[in-house]
Amino acid sequence: MAYNSPPTFNLLSIGHRGVGKSVFLAGSYAELQFNQQIESQRGTWFEGANAPSQQMLDKLLSYMRLKSRYPTPTMKITDFTFRVVSRSFRQDKTLCEFRWADIPGEICRLGNSDFEAMMLKSHGCCVFIDAEALVRDPKYLTRLEETIKQIEVISSLATQNRVRYFFALILTKCDQLKAGPATLAKVEQQWQSLTQQLVTTNAVYRRFKSSVSLITMNGPAVVRAEGTSAPILWLVSELSKAYQNQVPQTLGGDVDPSQEAHALSSNHPPALRSKVIAMLAALGVVAGIWVGLTHLLSQRGPAESPNINEEAPVSTDNEL
C-alpha cells in the first residue's frame with residue numbers, strides 16, 4: 001500500500017534516572033536552532049508539531065538558560081510530538097513527524113506495563129548511556145545490565161515480526177569527561193561490551209556522543225550543544241527511507257492500534273506478552289554471558305587505537 005503523506009514515528013527512549021534524556025532533547029533543539037541562524041537558506045530541524053509540545057520544549061530550554069543549571073530528573077511521562085522540517089532555498093517541507101515520550105528512569109524497565117506498551121508501539125529507539133559514569137564508576141556496567149536485556153528483547157521482537165527497527169546508542173555528558181588517551185581507551189573498551197548484543201542480533205544501530213554545556217558569563221547561560229541532534233535526525237532519516245512507500249510498522253507488528261495500550265496489562269495476556277515473557281526467561285542465559293563479558297573486559301588492557309568518535313552503522317548515510 002502506498003504511503004504518500006508524511007509518516008509519524010514513535011521513538012522509544014531507554015535510560016536510567018539522571019542519564020540526561022531531557023537535557024539531550026533540549027540540547028538537540030538548541031543545536032538545530034543555532035545551525036538555522038548560521039545557515040538560513042537550507043538545513044533540517046525539528047519543531048513542536050502542536051502548541052503544547054513547542055511550549056514544553058521552550059520551557060525546558062528557558063529553564064536551562066535562566067537558571068544556569070540542568071533540569072531535575074523527569075518525574076512523570078511527558079509526551080512530545082515534533083515535526084521534522086527540511087528547508088531548501090527558503091522552501092520548507094515536512095519530512096515526517098515523531099512522537100517522543102520523556103520517561104522517568106524508574107519506568108524504563110521490562111516488567112513495567114507502561115514501558116512495555118510504549119516499546120511495542122515504537123519504530124526506533126534511543127539508548128542513553130552516561131559517559132562519565134561509564135569511565136569513573138566500576139559498578140556502572142552492572143547497572144546497565146537491564147539496558148542490555150531491553151535491547152535483546154527489542155531486537156528479538158523486531159526479528160520475529162520482520163520489522164525494520166533502528167537503535168541510536170548515545171553517550172551523554174561527554175562534556176564532563178577530561179579528554180585524554182586513557183579516558184578514550186576506557187570509553188572504547190566499555191563500548192565494545194555494550195554493542196556486543198547488537199552485533200549478535202544483527203540490529204541496525206549507530207553510535208553517537210552528546211555534550212550539552214551551560215556557558216555562564218553575564219546574563220542568561222548559553223546552551224552549547226554538540227552532537228545532540230545527530231541521533232534523532234539519523235533515526236528519522238533511516239525510518240523515512242525504510243517506510244517511504246508503506247505505512248510504518250511498529251515493533252509489535254500487526255497489533256490493532258486501539259488495543260496496543262492494553263496489550264501488556266495483566267488482564268490482557270495476548271501472544272505478544274507471551275513472547276516478551278519467553279524472551280525474558282531466555283535472557284537468563286544473556287545475563288550469564290554479560291557477567292562473563294564484564295569480567296573479561298576488566299582483565300583487558302586499553303585498546304591500542306581507541307576512537308570515541310567511531311560509529312558502527314549498518315547504513316552510513318546520515319542525511320535526510
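1. Secondary structure. This predicted model shows a protein chain with 10 helices and nine strands.

2. Burial and surface. The chain has 320 residues, and 50% of them count as buried. Its accessible surface comes to about 15600 Å². Carbon and sulfur atoms account for 51% of that area.

3. Contacts. Take the contacts between residues at least 6 apart in sequence. Of these, 80% join residues at least 24 apart.

4. Salt bridges overall. The whole structure holds seven salt bridges. Three of them are described below.

5. Arg-17 with Glu-106. These side chains form a salt bridge, with an N to O distance of 3.4 Å. The partners are 89 residues apart and link distant parts of the chain. Arg-17 sits in the loop between strand S1 (8-14) and helix H1 (21-38). Glu-106 sits in the loop between strand S4 (91-102) and helix H3 (113-120). Glu-106 is partly exposed, at 41% relative accessible area. Arg-17 is also partly exposed, at 35%.

6. Glu-47 with Arg-83. Here the closest N and O atoms of the salt bridge are 3.2 Å apart. This pair joins two strands: Glu-47 is in S2 (residues 42-48), Arg-83 in S3 (residues 78-88). The two residues are 36 apart in the chain. Glu-47 has a relative accessible area of 26%, so it counts as partly exposed. Arg-83 has 21%; buried means under 20%, so Arg-83 too counts as partly exposed.

7. Glu-145 with Lys-149. This salt bridge spans 3.8 Å, N to O. Both residues lie in helix H6 (residues 145-160). They are four residues apart, about one turn of the helix. Lys-149 is partly exposed, at 24% relative accessibility.

How values were computed:
Residues numbered from 1 in each chain as written. Predicted model: local features only at pLDDT ≥ 70, side-chain atom pairs only at ≥ 80, totals over all residues. Heavy atoms only, no water. Buried < 20%, exposed > 50% of the residue type's maximum accessible area, 1.4 Å probe, protein only. Contact = heavy atoms within 4.5 Å. Areas by Shrake-Rupley, 256 points an atom, 1.4 Å probe, with all protein chains shown as cover. Salt bridge = Lys/Arg side-chain N within 4 Å of Asp/Glu carboxyl O.
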